[in-house]
Amino acid sequence: MIKDFFHKNRPVYSLEVFPPKKDTDITAIYDALDQFKELHPNFISVTYGAGGTTSENTFAIASYIQNQCGIEALTHLTCAAIPDRLFLTNFLTNLYRNGIRNILGLRGDQPRDMSDAQFSDRFYQHASDLIKDIKSAFPFSVAGACYPEVHPEASSLKEDVSHLKTKVDQGVDFLITQLFYDNETFFRFLDAVRNAGIDIPILPGLMPIITAGQIKNIIQLSGSKIPRDLQLSIDKYKDSPADLKKAGLDYTKKQMTDLLAHGVNGIHLYSMNKVETARYILD
């Protein structure tokens, strides 16, 4: 299980993939996984379907990672996707029977086809409640999410860390951060978390900016701030896709080098199904 990797005296290196939005593109992810396998990551996480609303492809991809690639699979599961306890029991049972022992419990964003009333009336309101039931069902290695730039619904870092402590106390074995581009923000968050008594491993999540089109989506979906030096590179190379890609990768390389020098538990790369990106960062 993934939690056992943190007992080794070396940083963990992990990747994240997502199921294609169209079933017609499904073969592309398996081709990518065959190449990701050659990079020997400690684990590969799989997001919960396109928009967080489907489970079939997530389960199939996780099973392929675990049983065909021989790499630990971390399956995402969102509160928004669970209509009742029977659904959760069946989903967890299928994972466990197929040798998948790792799960990331998330509240999840509101799916596009779910009304505000439906979202507020879902079976699980908080990731902490979901994680508690996952741990009581099977002996999974359970991950949780955290936000170095503070969860958008928290009024302060102190409040956010307090909620995180509640989640961790329900049985989280390790944490993966939302993507960020300012290491000092992460280090301040890490100090606050450790001072609150949260001592489990925390993997910083990194996503290289390799296209100009990414920037708007990153800010809109994650709320991450773009540091001035990174923004200057983006502005400088906005009309040269190849140079922008190299600048984005080099920034992540510099960011990762600094994090590792500070003794982080590892690096979680939001690889966006791009083997070339994952290979560059690993090298």
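Leaving aside its neighbours within four places in sequence, which residues is Ser141 in contact with? The legends below take up this question first and then move to other parts of the structure, which is a predicted model.

**View 1. Ser141 and its surroundings in strand 5.** Ser141, which lies in strand 5, is in contact with Met1, Ile2, Lys3, Arg101, Asn102, Ile103, Asp173 and Phe174, once its neighbours within four places in sequence are left aside. Ser141 has a relative accessible area of 0%, and because buried means under 20%, this residue counts as buried. A polar atom of the side chain of Ser141 lies 3.2 Å from the backbone nitrogen of Lys3, and Lys3 is also one of the residues in contact with Ser141.

**View 2. Ile103 and the nonpolar cores.** The largest nonpolar core holds 61 residues, and those that touch the most other members are Val17, Leu33, Phe36, Ile65, Ile103 and Leu175. Not counting residues up to four places away in sequence, Ile103 touches Leu74, Thr75, Leu77, Phe91, Leu92, Leu95, Ile134, Phe140, Ser141, Val142 and Ala143. A second, separate core has 25 residues, including Ile2, Val12, Ala143 and Ile209.

**View 3. The buried residues of helix 5.** In helix 5, which covers residues 127-137, the buried residues are Ala127, Ser128, Leu130, Ile131, Asp133 and Ile134. An α-helix has 3.6 residues a turn, so residues three or four places apart point the same way. The buried residues of helix 5 pack against strand 3 (72-78), helix 3 (85-97), strand 4 (102-106), strand 5 and helix 6. Ile134, one of these buried residues, is also among the residues that Ile103 touches.

**View 4. Glu149 and Val150 in the loop between strand 5 and helix 6.** Glu149 lies in the loop that runs between strand 5 (141-146) and helix 6 (157-169), and its relative accessibility of 22% makes it partly exposed. Not counting residues up to four places away in sequence, Glu149 touches Leu179, Phe180, Thr185, Gly223, Ser224 and Lys225. With Lys225 there is also a polar approach, since a polar atom of the side chain of Glu149 lies 3.0 Å from the backbone nitrogen of Lys225. Glu149 and Asp160 are eleven residues apart along the chain, and their C-alpha atoms are separated by 9.8 Å. Val150, in the loop between strand 5 and helix 6, has a positive phi of about 75° although it is not a glycine. The relative accessible area of Val150 is 24%, and Val150 is therefore partly exposed.

**View 5. His268 in strand 8 and its polar contact with Ser14.** His268 has its place in strand 8, residues 266-270, and it counts as buried because its relative accessibility is 0%. The side chain of His268 makes a polar contact with the side chain of Ser14, at 2.7 Å. Leaving aside neighbours within four places in sequence, His268 is in contact with Ser14, Leu15, Glu16, Phe43, Ser45, Ile176, Leu203, Pro204, Gly205 and Leu206.

**View 6. Val264 and Asn273, in the loops on either side of strand 8.** Val264 is found in the loop between helix 10 and strand 8, and with a relative accessible area of 11% it is buried. Not counting residues up to four places away in sequence, Val264 touches Phe186, Pro204 and Leu259. Val264 and Val46 are 218 residues apart in sequence, and from C-alpha to C-alpha they are 22 Å apart in space. Asn273 is placed in the loop between strand 8 and helix 11, where it has a positive phi of about 65° although it is not a glycine. At 18% relative accessibility, Asn273 counts as buried.

**View 7. The second largest pocket and its lining.** The second largest pocket has a volume of about 240 Å³, and 15 residues line it, with Tyr13, Met256, Leu260, Ile281 and Leu282 lying nearest its centre. The elements that give two or more residues to this lining are strand 1 (12-17), helix 10 (241-261) and helix 11 (275-282). Helix 10 gives the most, with four residues. Sorted by class, the lining of this pocket has nine nonpolar, three polar and three charged residues.

Terms used: Residues are numbered from 1 along each chain as its sequence is written. This is a predicted model: local features need pLDDT of at least 70, side-chain atom pairs count only at pLDDT 80 or more; totals for chains, interfaces and linings use all residues. Side-chain values use heavy atoms; hydrogens and water are left out. Buried means under 20% relative accessible area, exposed over 50%, partly exposed in between (1.4 Å probe, protein chains only). Contact means heavy atoms within 4.5 Å. A polar contact is a pair of N or O atoms within 3.5 Å; within protein, one must be able to donate a hydrogen and the other to accept it, and residues adjacent in sequence count only if both atoms are side-chain atoms. On a 1 Å grid over the protein atoms alone, a cavity is a set of points where a 1.4 Å probe fits but cannot get out, and a pocket is an open set with protein on both sides within 12 Å along at least five of seven lines; lining residues have an atom within 4 Å of a point. Grid points are joined across faces, edges and corners, and a volume is the space filled by probe spheres set on the points. Ala, Val, Leu, Ile, Met, Phe, Trp, Tyr, Cys and Pro count as nonpolar, Asp, Glu, Lys and Arg as charged, and the others, Gly among them, as polar. A nonpolar core is a set of buried Ala, Val, Leu, Ile, Met, Phe, Trp, Tyr and Cys residues joined through side-chain atoms within 4.5 Å.
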